[in-house]
Amino acid sequence: MKFKRFLAVIPASLLLFPAIAIAQEKLVDFDYWASLCNTLLLAEDYEKALEACDQAVGLFPNDPVTWNNRGDVLFALSQYGDALVSYEQVLRRSPTDSLALAKRCASLTALGRTDDAVVACDEGLEIDGDWGEGTPAIAWYNRGVAMTQVGNHSEALESYDWAIRTNPSYSPAYAGRCLSLAQFSRYEEALVACDRAIQAGNWGHQNAATALLNRGRVLVQLAPTQNSPQQGLQFYQDALQSYNDALAIDPDNEETWTEQGTVLGRLGRNTESLASHDWALKLSENYALALANRCAALNRLGQYSDAQAACDKALQEGDDRWGLEGASYAWSQRGNSLAGQFKYEEGLASVNRAISLNPTYEETWLNQSTLLWLLERYSEALNATQEAIDLNPESSRAWYNRGRILTTLREYDEAIIAYNMALEGDAQIGGQPSLEKIYLNLSAVLWRAGRYSEGAAEAQRAIALNPDSALGWYNRALNLMSNRQYTKALEAYERTLELNPNDANAWMGLGITQRALKAYPESLAALQKALELNPDNTQAQDNLEAVMKAIEELPTSSP
C-alpha cells in the first residue's frame with residue numbers, strides 16, 4: 001500500500017516541476033518582461049504595464065526602449081516626475097534620441113517647468129536624431145503646449161503650425177492650434193482646427209478628448225460675444241455637449257470635469273456644477289482651479305463656510321494650476337464667502353488682494369463693489385461697479401449691483417435704468433443674478449419711485465418665472481395697493497400669506513387693504529396678527545387704532 005501511495009504521488013510532483021521551472025525562468029527573462037511591458041502599454045493597461053516595465057529595467061537597466069515605454073506608462077498615469085526620470089534614463093543611454101527629448105519636454109511642461117521644457121524640445125529639433133515611431137511634429141507640439149502654458153500664444157501658434165507642416169495629419173497639433181487661435185479671437189478658425197483634429201484621428205498616445213475639451217473652451221469664449229443672450233445660451237449648451245463627449249472618451253480628466261462644472265454654474269445649475277468640481281477633486285485632490293471652482297459653487301448655494309474652506313485649501317495647498325484668471329479667482333471667491341459670513345472687512349481685504357493680482361478680472365470688481373456697498377461706502381462701490389461695466393458692458397451682475405447701490409442712495413430713476421440694463425445682459429442665459437431677482441428688485445424700486453402700474457407689471461414677470469415667489473406676490477400686492485387697486489391687492493396679499501404665513505409686513509398690508517375696503521373685522525384680525533409677529537411695527541399699530549376707531553363709529557343697528 002505504501003508503494004502504491006508513492007506511485008500515486010510521483011506523477012503529480014513531476015507535473016509541478018516544469019511549471020515551477022517556467023515561472024522561475026520568466027522571473028529572470030528580460031525579453032519576456034520587456035515584451036509584456038510594451039504589450040500592456042499598447043493595451044492601455046497602465047498599472048500592470050508599469051509592473052512589467054519595472055521588472056524589465058530591474059533585470060537589464062541599460063535598455064533605452066524599455067525605459068522609454070516605462071516613461072510612456074508613467075506619463076499616461078499622470079506621474080510626470082517619474083516619467084521624466086525614465087526619459088532621462090533613455091537619454092543617458094541614447095543622447096541623440098530626439099523623440100525622448102520631445103517626451104522629456106512634455107513631462108517638464110506637465111510639471112510646470114516650461115523654460116526647461118522649451119529647451120528640451122528645441123534641443124530635440126536641433127539634433128533631429130532618432131524619432132523612432134514619431135516625427136518632429138511631437139516636439140513642435142509639446143513646444144506649443146509649453147508656450148501656451150506661459151501665455152505666449154503667438155509662439156505657441158507658430159509651434160503648432162510647424163507641427164502640422166511636419167505631419168499634416170497630426171491631431172494633437174490641430175487641437176493645440178484650436179486653443180491658440182481662440183486667444184486671438186479667431187473663433188471660427190479655432191473650431192475648424194478642433195474639428196480637423198477629430199477628423200484626422202492621428203492621436204498617438206492621446207485621444208479625441210483633447211480636441212473636444214478645447215472645442216468646449218472655444219465655445220465658452222464665443223458665448224459672451226454673441227448678439228443676443230439666446231445665442232450665447234446656445235453656445236454654452238454646445239460647450240457642455242463637447243465636455244460631455246470628452247468625458248465619455250476620457251472620464252479621468254480633472255480639467256474637463258471642472259470646466260464642465262463652470263459652464264453648469266453659468267447656466268444656473270449649481271448643484272450639478274458642484275458635483276462636477278467634486279469629481280475633478282476626486283481625480284486630483286489639490287487641483288487649485290477645481291478647489292476655487294468648488295468655492296464659487298458653494299458660494300452660489302449659500303454654503304459660505306464650506307466655500308471659504310475650499311478657497312483656503314486652493315490658496316494654501318493647491319497645485320498652482322489656476323487657469324486664465326490665476327490665483328486672483330480664488331482670492332475673489334474667498335471674499336464672497338467672507339461676505340456671506342458677514343465678515344465684510346476681511347472679505348474686502350481678500351478681494352483687494354485679487355485685484356492687485358489681476359486688475360482686468362471683471363468679477364473681482366463686482367465682489368469689491370458688493371462689499372463696499374455692505375460697508376456703506378457707496379461712492380467707492382459705484383466706482384468699482386463702473387470698472388466691472390467697463391470690462392464687460394453685458395454683465396447683468398454689474399448693472400444689478402449698480403441698481404442696488406443707487407436704490408440705497410435713493411436715486412431711483414438711475415436705479416431703474418440700471419436694472420433694465422441688467423435685464424438686457426447675460427442674465428438671459430441663467431446664473432446670477434437670476435431674471436426673477438432682477439424683476440423683483442425692479443418692481444421694488446418702481447414702487448419707491450411711485451410708478452405703481454409698472455411696479456406691479458414687473459412683479460408679475462417675476463411671478464411668471466416662479467409662481468411660488470412670496471416676494472413676487474408681496475411686491476405685486478404693495479404696488480397694487482399703492483395704486484388703489486384694492487381687490488387685486490387683496491388677492492395678492494392672500495397668496496403671499498399662503499406662501500409665507502409669518503410675514504408681518506404682508507399681514508399689515510392685508511390689514512391696510514381690508515381697511516380701505518371697509519372690511520373692518522377682517523382688517524382688525526390681520527393687523528393684530530402683524531403686531532403679534534412684530535410688536536414694534538408702528539405702522540401696523542397706527543392702522544389698528546384707526547380701524548378700532550372706525551368700528552366704534554359704525555352706527556349700531558336698532559333692536
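Mentor: A residue is called buried when its relative accessible area is under 20%, exposed when it is over 50%, and partly exposed in between, using a 1.4 Å probe and the protein chains only. The model is a predicted one, in which local features need pLDDT of at least 70 and side-chain atom pairs count only at pLDDT 80 or more, whereas totals for chains, interfaces and linings use all residues. Residues are numbered from 1 along each chain as its sequence is written, and side-chain values use heavy atoms, with hydrogens and water left out.

Trainee: Why is R495 called partly exposed?

Mentor: R495 has a relative accessible area of 23%. That value falls between the two limits, so R495 is partly exposed.

Trainee: What makes R495 and D468 a salt bridge?

Mentor: The term requires a side-chain nitrogen of Lys or Arg within 4 Å of a carboxyl oxygen of Asp or Glu. For R495 and D468 the N to O distance is 3.0 Å, so the pair satisfies the definition. R495 belongs to helix α27 (residues 486-499) and D468 to the loop between α25 (452-465) and α26 (470-482), so the bridge ties together parts that are 27 residues apart in sequence. Helices here are DSSP runs of H or I with at least four residues, numbered from the N terminus.

Trainee: How do you know that R143 and E155 form a salt bridge?

Mentor: The closest N and O atoms of R143 and E155 are 3.1 Å apart, which means that the distance is within the limit. Since R143 lies in helix α8 (residues 136-149) and E155 in helix α9 (residues 153-166), this pair ties together parts that are 12 residues apart in sequence. R143 is buried at 11% relative accessible area, whereas E155, at 30%, is partly exposed.

Trainee: What separates K529 from E532 in helix α29?

Mentor: K529 and E532 are three residues apart in helix α29 (residues 520-533), which means a separation of about one helical turn. Their closest N and O atoms are 3.6 Å apart, and the pair is a salt bridge. K529 is partly exposed at 25% relative accessibility, whereas E532, at 57%, passes the upper limit and therefore counts as exposed. Elsewhere, salt bridges that share partners join R217, E254, E255, E259, D319 and R321 into one network. The structure holds 26 salt bridges.

Trainee: How many aromatic pairs does the structure hold?

Mentor: The structure holds 11 aromatic pairs. One of them is F30 with F60, whose ring centres are 5.3 Å apart and whose planes stand at 75°. Rings of Phe, Tyr and Trp (its six-membered ring) pair if their centres lie within 6.5 Å; planes under 30 degrees apart count as stacked, over 60 as edge-to-face and the rest as tilted. Both values of the F30 and F60 pair meet the criteria, so the pair is edge-to-face.

Trainee: Where do F30 and F60 lie?

Mentor: F30 lies in helix α2 (residues 30-42) and F60 in the loop between α3 (46-59) and α4 (64-76), so the pair ties together parts that are 30 residues apart in sequence. F30 is buried at 18%, whereas F60 is partly exposed at 37%. The rings of F75 and Y80 provide another case: their centres are 5.0 Å apart and their planes are at 65°, so this pair is likewise edge-to-face.

Trainee: What makes R321 a charge over the face of Y287?

Mentor: The rule asks that NZ of Lys or CZ of Arg be within 6 Å of the ring centre and within 35 degrees of the ring normal. R321 lies 4.0 Å from the ring centre of Y287, and the distance is therefore within the limit. R165 lies over the face of W162 at 4.8 Å from the ring centre.

Trainee: Why does Q333 count as buried?

Mentor: Q333 has 3% relative accessibility, which is below the lower limit, so Q333 is buried. Q333 is found in helix α18 (residues 328-340). Leaving aside its neighbours within four places in sequence, Q333 is in contact (heavy atoms within 4.5 Å) with A292, C295, A296, N299, C311, E363 and N367.

Conventions:
Helices (H or I, at least four residues) and strands (E, at least two) are DSSP runs, numbered from the N terminus.
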